[in-house]
Amino acid sequence: MRRLRLERQTRRSGVRRGRRPSRALASVATATVVALAASGCVTVHGETAVVPGATPEEASAALAGFVTAFNRADKANDPALDAGQVTGALGAINQAGLKSKSVTRPEGNPDHEPLELRDPRFLVPRKAGWPRWFVADTDSNRDDGTEQADNRWLVAFVKNGPEQPWKAAHLVILGRDEMPEFAEEEGDEVAVAADSDAVAVAPGTLSGRYAAYLKDGGTSPFAAGAHTTEWRERRARTASRPGLATQWIDRAADSGDFAPLALATEDGGALVFFASRHFERQTTAKGYRPKVGPELKALMKGEVVNTVTKEWVSSQVVLVKPAGTAKDAVVFAGRLQGVVAVEGS
């Protein structure tokens with residue numbers, strides 16, 4: 001799919017650049033957490049009309065419902081209280097974290113403080129059939145009074161059918177200057193298909209290529225930074241220590257609600273959410289055991305003899321440059337990860 005001919009949105013006095021008044025609802029008190037379906041158009045059950053994935057009212061209700069459930073779950077340390085509101089990478093991270101806390105702090109969270117996501121803008125691509133999705137671009141009260149007060153918290157929602165609920169699948173935090181301008185078609189944001197050749201790297205291949213890069217390094221489309229070159233360097237430094245060896249296995253997570261979501265940007269590139277899985281195995285010398293804190297023990301299966309394996313899920317957002325870009329084609333803008341399972345042996 002080559003670049004579409006896109007309309008630039010009208011700039012209006014008093015409206016933040018890139019926001020349409022119809023989507024910038026005045027205020028929605030919400031809260032957020034700690035950290036999909038393919039972007040391409042599909043036809044399901046004869047539904048062929050290409051329409052916006054959600055109305056402003058639906059998007060606002062989904063965001064408010066998600067946060068209300070999250071606040072209840074965070075206050076009680078009870079994963080069941082928001083299990084129906086989360087999915088994908090965010091769901092895996094959220095549910096594992098709450099499961100751990102339900103064991104270590106079963107009386108609830110004494111440090112709970114309700115959070116808010118204010119000033120929402122809803123980025124809603126048009127598509128046919130199901131699943132449908134949108135992104136809520138919001139301002140959090142979590143960083144009020146700090147140098148990060150202008151950061152934007154992006155929550156991606158997915159819905160798999162007309163009778164299914166909206167669920168939050170990704171959460172990432174971007175600096176205001178990292179937010180791109182989004183392309184539009186007929187007044188709505190534009191989805192980039194998983195197999196699109198309009199961008200330098202097809203969104204559907206990002207998870208697999210990221211896992212391969214972390215394993216082998218070498219030539220890759222990823223720009224140097226904290227989540228690429230520096231992460232590989234940290235692993236190399238800690239792989240072998242006296243009495244302790246650490247191994248990593250990286251795997252793609254790109255199907256179902258873990259599939260990538262991509263929005264076209266005005267420069268011909270895309271902003272892409274994608275997920276990945278990472279396994280960290282620590283093995284000690286005979287007579288020693290790896291240290292496992294109470295938070296990890298709460299998730300652990302098996303018994304630690306001399307090995308512990310942690311499974312991490314990672315949710316990331318990247319900026320992919322237009323097709324034809326040869327170097328630094330994929331730039332990481334944010335990443336959220338969490339341990340979702342632990343096994344001792």
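Which residue lies over the face of Trp231, and at what distance from the ring centre? In this predicted model, the residue is Arg235, which is placed 4.5 Å from the centre of the Trp231 ring. A second arginine is also found at this tryptophan, since the charged end of Arg335 sits over the ring of Trp231 at 4.2 Å from its centre.

The nonpolar interior was examined next. The largest nonpolar core comprises 36 residues, and those with the most contacts inside it are Leu63, Phe66, Phe122, Phe134, Val155 and Phe157. At least two residues of this core are supplied by each of helix H1 (56-76), helix H2 (88-104), strand S2 (117-123), strand S4 (132-140), strand S5 (152-159), strand S6 (167-174), S14 and S15. Helix H1 gives the most to this core, with five residues. Another core, of 21 residues, lies apart from it and includes Ala183, Tyr213, Ala262 and Val272.

Aromatic residues were then considered as pairs. A search of the whole structure finds eleven aromatic pairs. In one of these, the rings of Phe134 and Phe157 have their centres 5.0 Å apart and their planes at 10 degrees, so the pair is classed as stacked. Because Phe134 belongs to strand S4 and Phe157 to strand S5, the pair ties together parts that are 23 residues apart in sequence. Phe134 is buried, with a relative accessible area of 0%, and for Phe157 the relative accessible area is likewise 0%, so that Phe157 is buried. A further pair is formed by Tyr210 and Phe222, whose ring centres are 5.5 Å apart and whose planes stand at 65 degrees, so this pair is edge-to-face. Tyr210 is located in helix H3 and Phe222 in the loop between H3 and H4, twelve residues apart, and the pair thus links distant parts of the chain. Both Tyr210 and Phe222 are buried. Beyond individual pairs, one aromatic cluster is formed by Phe66, Phe122, Phe134, Phe157 and Trp166.

Helix H3, which carries Tyr210, was analysed for the placement of its buried residues. Within this helix, which spans residues 206-216, the buried positions are Leu206, Ser207, Tyr210, Ala211, Tyr213 and Leu214. These residues lie on the same side of H3, because they cover an arc of only 160 degrees around the axis. In an α-helix there are 3.6 residues a turn, so residues three or four places apart point the same way. On the other side of H3, Lys215 and Asp216 are exposed. The buried residues of H3 are covered by elements including helix H4 (229-238), strand S10 (244-253), strand S12 (270-284), strand S14 (307-320) and strand S15 (330-344). Just after H3, a positive phi of about 70 degrees is taken by Gly217.

Strand S12, one of the elements covering H3, is itself mostly covered, with twelve of its 15 residues buried. Its pairing with S10 is antiparallel and extends over ten bridges, and within S12 the bridge partner of Arg251 is Arg277. Strand S11 (residues 261-264) is joined to S12 by four bridges, and these two strands also run antiparallel; here Ala264 has Ala270 of S12 as its bridge partner. The hairpin of S11 and S12 has five residues between the strands, and in this hairpin Gly268 takes a positive phi near 95 degrees. S12 is further joined to S14 by 14 bridges, again with the strands running antiparallel, and the bridge partner of Ala275 in S14 is Ser315.

Finally, Thr104 was considered as a site where residues remote in sequence come together. Thr104 is placed in helix H2 and, at 30% relative accessibility, counts as partly exposed. Although Thr104 and Leu296 are 192 residues apart in sequence, their C-alpha atoms are 9.8 Å apart in space. When residues up to four places away in sequence are not counted, Thr104 touches Pro294, Glu295 and Ala298.

Note on methods
Residues are numbered from 1 along each chain as its sequence is written. This is a predicted model: local features need pLDDT of at least 70, side-chain atom pairs count only at pLDDT 80 or more; totals for chains, interfaces and linings use all residues. Side-chain values use heavy atoms; hydrogens and water are left out. Buried means under 20% relative accessible area, exposed over 50%, partly exposed in between (1.4 Å probe, protein chains only). The arc is that of the directions from the helix axis to the C-beta atoms. Contact means heavy atoms within 4.5 Å. A nonpolar core is a set of buried Ala, Val, Leu, Ile, Met, Phe, Trp, Tyr and Cys residues joined through side-chain atoms within 4.5 Å. Rings of Phe, Tyr and Trp (its six-membered ring) pair if their centres lie within 6.5 Å; planes under 30 degrees apart count as stacked, over 60 as edge-to-face and the rest as tilted. A charge sits over a ring if NZ of Lys or CZ of Arg is within 6 Å of the ring centre and within 35 degrees of the ring normal. Two strands pair if DSSP finds at least two bridges between them.
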